[in-house]
Amino acid sequence: MARVLVGIKRVIDYAVKIRVKSDKSGVVVDGVKHSMNPFDEIAIEEAVRMKEKKLAKEVIAVSCGPTASQETIRTALAMGADKGIHVEISGNEAEFLQPIHVSKILAKLAQDEKVDLIIVGKQAIDDDCNQTAQMTGGVLGWPTATFCSKIEHGQNELTVTREIDGGLEVVKVKTPAVLSADLRLNEPRYATLPNIMKAKKKPVKKISPKDLGIDITPRIQIISVEDPPVRQAGSILPDVDTLISKLKEGGHL
Amino acid sequence: MSQKSKTINLYKTLLYMGKDYPKGYDYFRVRLKKVFEKNRYETDTEKIEKMIAHGNFVIKELEALYMLKKYRTLKKRYYE
């Protein structure tokens, strides 16, 4: 039976209106509600369902980030994961943490924990990178199936339906493999209060990237973070002639 | 579990769920409290049992509401 590793990220809650800091160095995160990345919830749900169908033996939830990421791990444990691993990265460093670093961490943990399957959300709703699954697959040299909307289990292989532009694609992958969950894979369950309480008894291991021998020096530099341009107001024109002259004026005709 | 602790549990669970309420926690909490206070002198066990069952139904409804809201927001953001 398989051991499943699930990558989860703590992001600003999907319902929060994002505000840019006045010095354009980033977005306001202090005092803002955070929760688990919705795509990662789908990934956890899929792993937990595998466990319930006796297809998986153990579900391990991993999160890289500041101390507060532990809450996200708790939510994953409340949803049904067996144990958590918290890779502690200070708030400052976490801002520059890129999929390349996360994928190396996940790959190392996958080898240490001897897992057969890694499931992650297809992208995080904060930076929208959509790279972690692909890169993890690359680092490990494992088959990778991204944007899964259906996963069927066979003998040492998986039949995965992927969401691609304009349709669906069915691929077969041999395990061990890396999967990334798309929106329609399943409907994640709610982490109920009693389960959150019970999750406090489940083990969470805390480690640093240094323990794993992974270098997390920033590879990017943030130059400026800005709001998207505000849409300009339209106007109602009286007739077609005015429209044509307006279009000519704007150089569209 | 006694009816009293069942009721207290229900209230706690609803309060916890109110934290995700779209109109805000305060909006939810005030209304939740009002509903519970309205029935505070109810003594008929059968009626209380029915109310608890209704409370548990509301919990399920809230879960469904949150799930749908999240799904719809994501669908709008990434798939349209």
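**Questions on a predicted two-chain model**

Author: Start in chain B. B:D26 and B:R29 lie 3 residues apart in helix α2 (residues 25-38) of chain B, so about one helical turn separates them. A helix here is a DSSP run of H or I with at least four residues, and a strand is a run of E with at least two, both numbered from the N terminus. The model is predicted: local features need pLDDT of at least 70 and side-chain atom pairs need 80 or more, while totals for chains, interfaces and linings use all residues; side-chain values use heavy atoms, without hydrogens or water. Residues count from 1 along each chain as written, with chains lettered from A and ligands numbered from 1 in written order.

Reader: What makes B:D26 and B:R29 a salt bridge?

Author: Their side chains meet at 3.4 Å, N to O. The rule asks for a side-chain nitrogen of Lys or Arg within 4 Å of a carboxyl oxygen of Asp or Glu, so the pair qualifies. B:R29 is partly exposed, with a relative accessible area of 36%.

Reader: Why is B:R29 called partly exposed?

Author: Buried means under 20% relative accessible area, exposed means over 50%, and partly exposed lies in between (1.4 Å probe, protein chains only). B:R29 has 36%, so the middle class applies.

Reader: Which parts of chain A does the salt bridge of A:K205 and A:E113 tie together?

Author: A:K205 is in strand β11 (residues 204-207), and A:E113 is in the loop between α4 (99-112) and β6 (117-121). The two parts are 92 residues apart in sequence. The N to O distance is 3.3 Å. A:K205 is partly exposed at 41%. A:E113, at 9%, is buried. Salt bridges with shared partners join A:R3, A:E58, A:K83, A:E113 and A:K205 into one network.

Reader: How do you know that A:K51 and A:D82 link distant parts of the chain?

Author: They are 31 residues apart. A:K51 is in helix α1 of chain A, and A:D82 is in the loop between α2 and β5 (83-88). Their closest N and O atoms are 2.7 Å apart, which makes the pair a salt bridge by the 4 Å rule. A:K51 has 28% relative accessible area and A:D82 has 22%, and both count as partly exposed.

Reader: What joins chain A to chain B in terms of contacts?

Author: 22 residues of chain A are in contact with 18 residues of chain B; contact means heavy atoms within 4.5 Å. The two chains bury about 1,800 Å² between them, 60% of it on carbon and sulfur atoms. That area is the accessible area (1.4 Å probe) lost on putting the parts together, summed over both. In chain A, A:Y14, A:L183 and A:Y190 lose the most area to chain B, together 42% of what that side buries.

Reader: How many salt bridges cross between chain A and chain B?

Author: The count is 2. In one of them, A:E41 pairs with B:K70, with the closest N and O atoms 2.9 Å apart.

Reader: What makes a set of residues a nonpolar core, and which ones touch the most other members in the largest?

Author: Members are buried Ala, Val, Leu, Ile, Met, Phe, Trp, Tyr and Cys residues joined through side-chain atoms within 4.5 Å. The largest such core has 41 residues, and A:V4, A:V6, A:I8, A:I44, A:L117, A:I119 and A:L179 touch the most other members. Helix α1(A) gives the most to this core, 7 residues. A second, separate core of 25 residues includes A:L97, A:V115, A:L140 and A:W142. In soluble globular proteins, nonpolar side chains tend to be buried together.

Reader: What is unusual about the backbone at A:K24 and A:N156?

Author: Most residues other than glycine have a negative phi, and most peptide bonds are trans. A:K24 has a positive phi of about 60 degrees, and A:N156 one of about 55 degrees. Neither is a glycine. A:K24 is in the loop between β2 (10-12) and β3 (34-36) of chain A, while A:N156 is in the loop between β7 (144-153) and β8 (157-164). A:K24 is partly exposed at 40%; A:N156 has 54%, over the 50% limit, so it is exposed.

Reader: Where is the cis peptide bond?

Author: The bond joins A:T175 and A:P176, with omega about 0 degrees. A:P176 sits in the loop between β9 (167-174) and β10 (177-181) of chain A.
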